[in-house]
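Subject: the model you asked for

Hi,

Here is the structure, handed over as promised. Have a look at it first, then read on for what turned up.

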Amino acid sequence: MALLALEEPQVVYKTNGDIVELLELQHQRNGHRNFADCALQLGVPLPSKISPCISCIKCKSKRRPLTGSSGLHEAPRAGYAFAWDHVGPYAIKTLGGKSYLSLKVCVFSGKLFGEMVN
């Protein structure tokens with residue numbers, strides 16, 4: 001029995017609109033990854049003009065630091081000192097209605113502790 005070698009079909013993009021449509025679809029399938037990476041992945045040229053993705057615009061966070069440490073100090077053991085920051089509000093809230101991220105970092109070990117807060 002002979003195995004058949006299947007060739008990948010050659011796709012011909014006729015217009016710039018076809019490439020833009022393909023990139024937008026790939027952008028959504030890849031979790032809204034940037035268009036340059038999607039074009040590289042598909043092997044197509046990046047068009048000079050792409051319409052903005054409304055989901056990406058609405059879900060971008062606005063970073064506003066609320067608190068934090070005045071500087072890192074030496075810690076003799078894990079859990080002795082933490083550096084922290086609060087980030088938000090995010091446009092999309094969690095199922096519990098929280099819109100800020102509290103991020104704490106152990107100065108000694110570098111371990112991250114993230115928690116969504118109100």
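Where is His-27 found? His-27 sits in helix H1. One thing to keep in mind from the start is that this is a predicted model. His-27 has a relative accessibility of 3%, so it counts as buried, the cut-off being under 20%. Leaving aside residues up to four places away in sequence, His-27 touches His-32, Arg-33, Phe-35, Cys-38, Cys-53 and Cys-56.

Now the overall layout. The chain has three helices and three strands, and from the N terminus on they run α-α-α-β-β-β. Of the 118 residues in the chain, 18% are buried. The accessible surface adds up to about 9500 Å², with 58% of that belonging to carbon and sulfur atoms. If you take the contacts between residues at least 6 apart in sequence, 31% of them join residues at least 24 apart.

Next, the inside. In soluble globular proteins, nonpolar side chains tend to be buried together. The largest nonpolar core here has six residues: Ile-19, Leu-23, Phe-35, Cys-38, Ala-39 and Val-44. Helix H1 (16-29) and helix H2 (35-42) each supply at least two of them, and H2 gives the most, with three. Two members of this core, Phe-35 and Cys-38, are also on the list of residues that His-27 touches.

His-32, another contact of His-27, is worth a click as well. His-32 is in the loop between H1 and H2, and its phi is near 65°, a positive value in a residue other than glycine. Most residues other than glycine have a negative phi, and most peptide bonds are trans. Buried or exposed, or something in between: which is His-32? His-32 counts as partly exposed, because its relative accessibility is 33%, between the 20% and 50% cut-offs.

There is a backbone detail in the strand half too. Gly-88 and Pro-89 are joined by a cis peptide bond, with omega about 5°. Pro-89 belongs to the loop between S1 and strand S2 (100-106).

Then the surface. Phe-82, Trp-84 and Phe-113 make a nonpolar patch of about 280 Å². Trp-84 lies in strand S1 (residues 82-87) and is partly exposed, at 37% relative accessible area. Phe-82 is partly exposed at 35%, and Phe-113 is partly exposed at 36%.

How many aromatic pairs does the count come to? It comes to one. Phe-82 and Phe-113 form it, edge-to-face, at 5.8 Å centre to centre and with 70° between the planes. This pair links distant parts of the chain, since Phe-82 is in strand S1 and Phe-113 is in strand S3 (residues 112-117), 31 residues apart.

Last, Ala-81. Ala-81 is in the loop between helix H3 (54-59) and S1. Its relative accessibility is 19%, so Ala-81 counts as buried under the 20% cut-off. Not counting residues up to four places away in sequence, Ala-81 touches Ala-75, Val-105, Cys-106 and Val-107. The C-alpha atoms of Ala-81 and Ser-109 are 9.9 Å apart, with the two positions 28 residues apart along the chain.

Shout if you want to go over any of this together.

Cheers

Technical notes: Residues numbered from 1 in each chain as written. Predicted model: local features only at pLDDT ≥ 70, side-chain atom pairs only at ≥ 80, totals over all residues. Heavy atoms only, no water. Patch = residues over 30% accessible without salt bridge, like charges linked within 9 Å, V, L, I, M, F, W, Y side chains within 5 Å. Areas by Shrake-Rupley, 256 points an atom, 1.4 Å probe, with all protein chains shown as cover. Salt bridge = Lys/Arg side-chain N within 4 Å of Asp/Glu carboxyl O. Helix = DSSP H or I, 4+ residues; strand = E, 2+ residues; numbered from the N terminus. Buried < 20%, exposed > 50% of the residue type's maximum accessible area, 1.4 Å probe, protein only. Phe/Tyr/Trp six-rings, centres within 6.5 Å; stacked < 30°, edge-to-face > 60°. Contact = heavy atoms within 4.5 Å. Core = buried A, V, L, I, M, F, W, Y, C linked by side-chain atoms within 4.5 Å.
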